[in-house]
Amino acid sequence: MPGYAIHLAVGKVYTKNNKISNSENFERGIIAPDLAKDKGKSHYGPYSSNPNLDRYLKETGITNEFDEGYFLHLMTDYLFYNNFLEKWDEHIYDDYDKLNSRIIKKYNIVIPEELLKVVKDKDGELQLLNEEKIYRFIDIVGKINVREIVKNETVFYNKISKIFLEENQ
């Protein structure tokens, strides 16, 4: 999973590009999948790196802003692991900790109280991630309109991947 700061920054960009009337519920939806103990269940797939977007929509749907934030979280995870991340290893968690304060400052996000103990701040060079590429990822994913994607009853993976890849060129 991308770190909490990445998810919250995507949500911040998203709210600038889309009408969100209840930002508190939307933000709770963004962080909810990673607060669960069973990440497979909360991500509607075997792992958080492989969320089943279709299953989420069939079982839950998007009827409010919490659901929209939740789906944005799952979509962010899907794009991060399947279209962005080139390599995964345990250094990614250190990189998240090193990026947190930079992302918080750049996107002017506020870390919710329930995350204050888990969103850490470390100094040092990134081992696996590229800071500028992370910002580009946040900006691109935050511009994808969830409501437009889910209007059509098609397979969402190819559609969101195509949007992401076109924006990333």
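Is N108 buried or exposed? In this predicted model, N108 is exposed, because its relative accessible area is 57%, and a residue counts as exposed when that value is over 50%. The residue is placed in the loop between helix 6 and helix 7. Its backbone also deserves attention: the phi angle of N108 is near 55°, a positive value in a residue other than glycine. Most residues other than glycine have a negative phi.

A second residue may be read alongside N108. Y44 is not a glycine either, yet it has a positive phi of about 60°. Y44 is found in the loop between helix 3 (39-42) and helix 4. With a relative accessible area of 13%, Y44 is buried, since the limit for that class is under 20%. Thus one of these two loop residues is exposed, namely N108, whereas Y44 is buried.

From these two loops, the reader may turn to the chain as a whole. Its secondary structure consists of nine helices and zero strands, and along the sequence the elements follow the pattern α-α-α-α-α-α-α-α-α. The chain has 169 residues, of which 49% count as buried. The confidence of the prediction should be kept in mind during the reading. The mean pLDDT of the chain is 88, and 89% of the residues reach 70 or more. Among the elements, helix 1 (residues 4-17) has the highest mean pLDDT, at 96, and helix 9 (residues 156-167) has the lowest, at 66.

Residues that stand far apart in the sequence can be compared by their positions in space. I140 belongs to helix 7 (residues 131-143). This isoleucine is buried, as its relative accessible area is 4%. Along the chain I140 and V10 are 130 residues apart, while their C-alpha atoms are separated by 8.5 Å. A further pair begins in the loop between helix 1 and helix 2, where N22 lies. N22 is partly exposed, with a relative accessible area of 31%. The C-alpha atoms of N22 and F66 are separated by 8.6 Å, although their positions lie 44 residues apart in the numbering as a distance along the chain.

Charged side chains provide another way of following the structure. Side chains of opposite charge can pair when their charged atoms come close. In the whole structure, a search finds seven salt bridges. One of them joins the side chains of R55 and E59, with 2.8 Å from N to O. Why are R55 and E59 separated by about one helical turn? The reason is that they stand four residues apart in helix 4 (residues 53-59). R55 counts as partly exposed, at 33% relative accessibility, and E59 counts as exposed, at 51%.

Another salt bridge is formed by R147 and E68, whose closest N and O atoms are 2.9 Å apart. Because R147 lies in helix 8 (residues 146-151) and E68 in helix 5 (residues 65-84), the pair ties together parts that are 79 residues apart in sequence. The two partners belong to separate accessibility classes: R147 is partly exposed at 31%, and E68 is buried at 3%.

Which residue forms a salt bridge with K122? The partner is D94, and the closest N and O atoms of the pair are 2.5 Å apart. This pair links distant parts of the chain, with K122 in the loop between helix 6 (91-107) and helix 7 and D94 in helix 6, 28 residues apart. Salt bridges that share partners also bring in D97, joining D94, D97 and K122 into one network. Both K122, at 34% relative accessibility, and D94, with a relative accessible area of 28%, are partly exposed.

Finally, charges may also gather at the surface. E24, E27, E113 and E114 form a negative surface patch. Of these residues, E24 is placed in helix 2 (residues 23-35). E24 counts as exposed, because its relative accessibility is 57%.

Technical notes
Residues are numbered from 1 along each chain as its sequence is written. This is a predicted model: local features need pLDDT of at least 70, side-chain atom pairs count only at pLDDT 80 or more; totals for chains, interfaces and linings use all residues. Side-chain values use heavy atoms; hydrogens and water are left out. pLDDT is the predictor's confidence in each residue, from 0 to 100. Helices (H or I, at least four residues) and strands (E, at least two) are DSSP runs, numbered from the N terminus. Patches are made of residues with over 30% relative accessible area and no salt bridge: like charges are joined within 9 Å, nonpolar side chains (Val, Leu, Ile, Met, Phe, Trp, Tyr) within 5 Å. Accessible areas come from the Shrake-Rupley method with a 1.4 Å probe; for residues, only the protein chains shown count as cover. A salt bridge is a side-chain nitrogen of Lys or Arg within 4 Å of a carboxyl oxygen of Asp or Glu. Lys and Arg count as positive and Asp and Glu as negative; His and the chain ends are not counted. The place of a charge is taken as NZ of Lys, CZ of Arg, CG of Asp or CD of Glu. Buried means under 20% relative accessible area, exposed over 50%, partly exposed in between (1.4 Å probe, protein chains only).
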